[in-house]
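Open the model in your viewer and keep the selection tool at hand. This tour goes stop by stop.

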Amino acid sequence: MDAIIPYKEILQMYWEKATSFVNAQCEGLEPWQLVGLTFSSTLLSVWLHGFLFQSESLMSRTKKQFFKLLRKMPFVGAMIQKKIDEALNDVTSSLSFLKDEKDYIKALPEQGMSQPEVLEKMKEYSAKGDVRWQDGKVSGTVYSGEEKLTHLLVKVYGEFAWSNPLHPDIFPGLRKMEAEVVRIACTLFNGGPNSCGAMTSGGTESILMACKAYRDLAYERGIKQPEMLVPVSAHAAFDKAAHYFGLKLVHIPLTKAMEVDVQAMRRAISKNTAMLVCSAPQFPHGIMDPIEEVAELAVRYKIPFHVDACLGGFLIAFMDKAGFPLKRPFDFRVKGVTSISADTHKYGYAPKGSSVVLYSDKKYRSYQFFIAPDWQGGIYASPSVAGSRPGGIIAACWATLMHIGESGYVEATKRIIKTARFLESELRKIDSIFIFGKPEVSVLSIGSDTFDIYRLSNFLAAKGWNLNVLQFPSSIHLCITQLHTKPGVAEQFLKDVKDSIEDIMKDVNAKTTGMGAIYGMAQSVPDRSLVAEISQAYLDGLYSTDVPCSEKHMNGSPGHH
């Protein structure tokens with residue numbers, strides 16, 4: 001104790017100096033002035049804290065305000081608006097799903113159509129569009145399309161078309177089906193006896209539910225402004241969750257291998273961190289994040305850890321048995337992983353509108369639930385976003401799992417991964433393009449240091465292919481499905497890529513057109529609110545019932561009409 005006496009005396013000396021200074025400054029002030037000054041400084045401190053510490057960073061808000069003021073300047077604003085209008089016209093004219101529409105039904109028919117008439121009209125709508133996914137020329141989108149499975153799903157859906165899991169007392173068989181789908185998924189991802197989950201309408205809702213659960217858990221732990229640490233390559237559903245639920249999204253950069261930078265994630269952890277996120281694999285480049293390393297952070301700092309396996313979950317679960325073991329574990333076997341999202345409607349081959357979100361323990365799932373105990377209509381409780389849900393989709397998902405079985409999934413996985421490895425090997429042999437990272441699953445992301453990669457997308461579109469266009473960095477990707485494992489499809493893709501590159505190299509610096517040009521422009525715009533504004537034209541187009549007034553070029557692909 002004697003050792004600290006000198007330090008105590010030094011602190012006391014500085015304290016006396018500080019109090020003397022404050023007293024000197026306040027000398028001559030009346031009591032009401034002191035009270036007013038204290039009150040004002042307190043209000044200023046509260047405002048300053050609220051201004052500085054928001055879910056959106058100060059830098060981001062400052063940039064938005066700057067660009068907002070810039071657009072209000074007379075000459076600059078008019079010039080920006082002119083460019084926006086040009087971009088909006090380009091986007092609208094590039095929407096291939098709006099072309100050739102001559103009329104729309106805008107009101108109920110006075111007399112209902114007969115069933116044959118409705119079916120005839122349905123065939124007309126079904127035939128629209130130039131892209132034939134059945135030929136295996138589409139990235140992802142349709143993951144099976146097998147005719148016999150389709151017939152089974154139609155029969156099952158018909159049996160449960162009027163069912164609703166909101167009423168388990170009326171549809172107990174449907175409740176059992178949903179519970180079994182969740183338990184099967186828990187088993188696939190090596191969950192323990194306390195593992196649990198829920199079915200959702202898709203990957204986005206599965207991610208939303210996990211984020212909502214961890215937000216509420218963070219609130220209970222006393223975290224007032226929860227943050228989630230998310231790789232820049234993670235699905236945009238995490239951005240949506242942050243927007244919907246008032247979470248602060250902290251984006252974590254990637255390494256050169258396109259994996260999340262674990263050290264950067266460690267440095268970003270704070271007292272407000274509510275969850276950590278990894279992808280297995282991520283959508284843009286098909287790379288598996290280092291889940292074990294991030295799980296160690298989750299355990300050390302006692303933070304929930306979500307693994308997003310929406311895209312490839314029902315592939316990676318079978319890769320070991322298919323003879324393609326992954327380099328690192330990814331599921332509940334990894335200590336620290338508290339939740340997983342996986343889409344049954346992708347490589348689970350169930351119809352669209354089905355996914356699962358799984359938890360290592362029921363204590364996490366309880367934060368996902370919504371319960372309104374005081375509603376006049378009775379005690380209302382729902383496990384996910386929707387109240388009523390289509391029982392036919394749940395039943396069809398259950399039927400798919402039962403019909404394909406483990407052996408079926410293993411065989412499908414074997415074909416898909418074999419095709420993906422073949423394509424990767426051959427694409428790496430082509431000069432002037434490269435593959436991002438070292439993909440282990442079913443997505444191959446292609447880039448180029450020689451020419452604008454969006455031109456390759458346009459040329460392939462002219463040959464009937466429909467690939468995903470990516471940004472930051474510029475790239476395109478092919479997500480391999482069962483349709484690409486059909487004889488000759490992979491070989492045709494390679495031939496078309498080589499032929500397209502040969503044509504591109506004849507004029508390397510030619511201008512990129514169509515959607516590729518729009519993406520190129522969008523990446524260069526510093527004001528991201530402008531990009532969002534232009535993107536709204538696409539969303540508006542989805543609900544358009546106006547007949548196009550021009551026959552503009554739709555997708556910028558040379559010779560494509």
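Begin with what covers the buried residues of helix 11: helix 10 (262–268), strand 4 (273–279) and strand 5 (305–308) are among the elements in contact with them. Contact means heavy atoms within 4.5 Å. Buried means under 20% relative accessible area, exposed over 50%, and partly exposed in between, with a 1.4 Å probe and protein chains only. Helices (H or I, at least four residues) and strands (E, at least two) are DSSP runs, numbered from the N terminus.

This is a predicted model: local features need pLDDT of at least 70, side-chain atom pairs count only at pLDDT 80 or more, and totals for chains, interfaces and linings use all residues. Residues are numbered from 1 along each chain as its sequence is written, and side-chain values use heavy atoms, with hydrogens and water left out.

**Stop 1: helix 11**

Select residues 291–301, which make up helix 11. Its buried residues are Ile291, Val294, Ala295, Leu297 and Ala298. Why do they lie on the same side of helix 11? They cover an arc of only 155° around the axis. That arc is taken from the directions from the helix axis to the C-beta atoms. An α-helix has 3.6 residues a turn, so residues three or four places apart point the same way.

Now turn to the face away from the buried side. It carries the exposed residues Glu296 and Arg300.

Step past the end of helix 11 to lysine 302. It lies in the loop between helix 11 and strand 5. Its phi is positive, about 55°, although it is not a glycine. Lysine 302 counts as exposed because its relative accessible area is 64%.

**Stop 2: the sheet**

Show the strands next. Seven of them form an open sheet in the order 1-7-6-5-4-2-3, with mixed pairing. Two strands pair if DSSP finds at least two bridges between them. The edges are strand 1 (196–200) and strand 3 (248–252), each pairing on one side only. From one strand to the next, the twist averages 20°. Axes are lines fitted to C-alpha atoms, for helices over the stretch in contact, and angles run from 0 to 180 degrees between N-to-C directions.

Select strand 2 (residues 227–231). Five bridges join it to strand 3, and the two run parallel. Three bridges join strand 2 to strand 4, also parallel. Pick leucine 229 here. Its bridge partner in strand 3 is valine 250, and in strand 4 it stands opposite leucine 276.

**Stop 3: strand 4 and its crossover**

Is strand 4 enclosed or open? Seven of its seven residues are buried, so it is largely enclosed by the rest of the structure. Strand 4 pairs with strand 5 in the parallel sense over four bridges. One pair to pick is serine 279 with aspartate 308, its bridge partner in strand 5. Trace the chain from strand 4 through helix 11 to strand 5: this β-α-β crossover is right-handed. Right-handed means that, with the strands pointing away from the viewer, the path from the first strand over the helix to the second runs clockwise. Helix 11 lies across strand 4 and strand 5, at about 170° to strand 4.

Now find proline 281, in the loop between strand 4 and helix 11. The peptide bond leading to it from alanine 280 is cis, with omega near -5°.

**Stop 4: helix 8**

Select residues 203–220 for helix 8. It lies across strand 1, strand 2, strand 4, strand 5, strand 6 and strand 7 (355–359), running at about 25° to strand 7.

Zoom in on alanine 213, which is in helix 8. Alanine 213 is buried, with a relative accessible area of 0%. Not counting residues up to four places away in sequence, it touches Tyr359, Tyr364, Tyr367 and Gln368.

**Stop 5: serine 341**

Move to strand 6 (residues 339–342), where serine 341 sits. Serine 341 counts as buried because its relative accessibility is 0%. Which side chain makes a polar contact with the side chain of serine 341? That of histidine 306, at 2.9 Å. A polar contact is a pair of N or O atoms within 3.5 Å; within protein, one must be able to donate a hydrogen and the other to accept it, and residues adjacent in sequence count only if both atoms are side-chain atoms.
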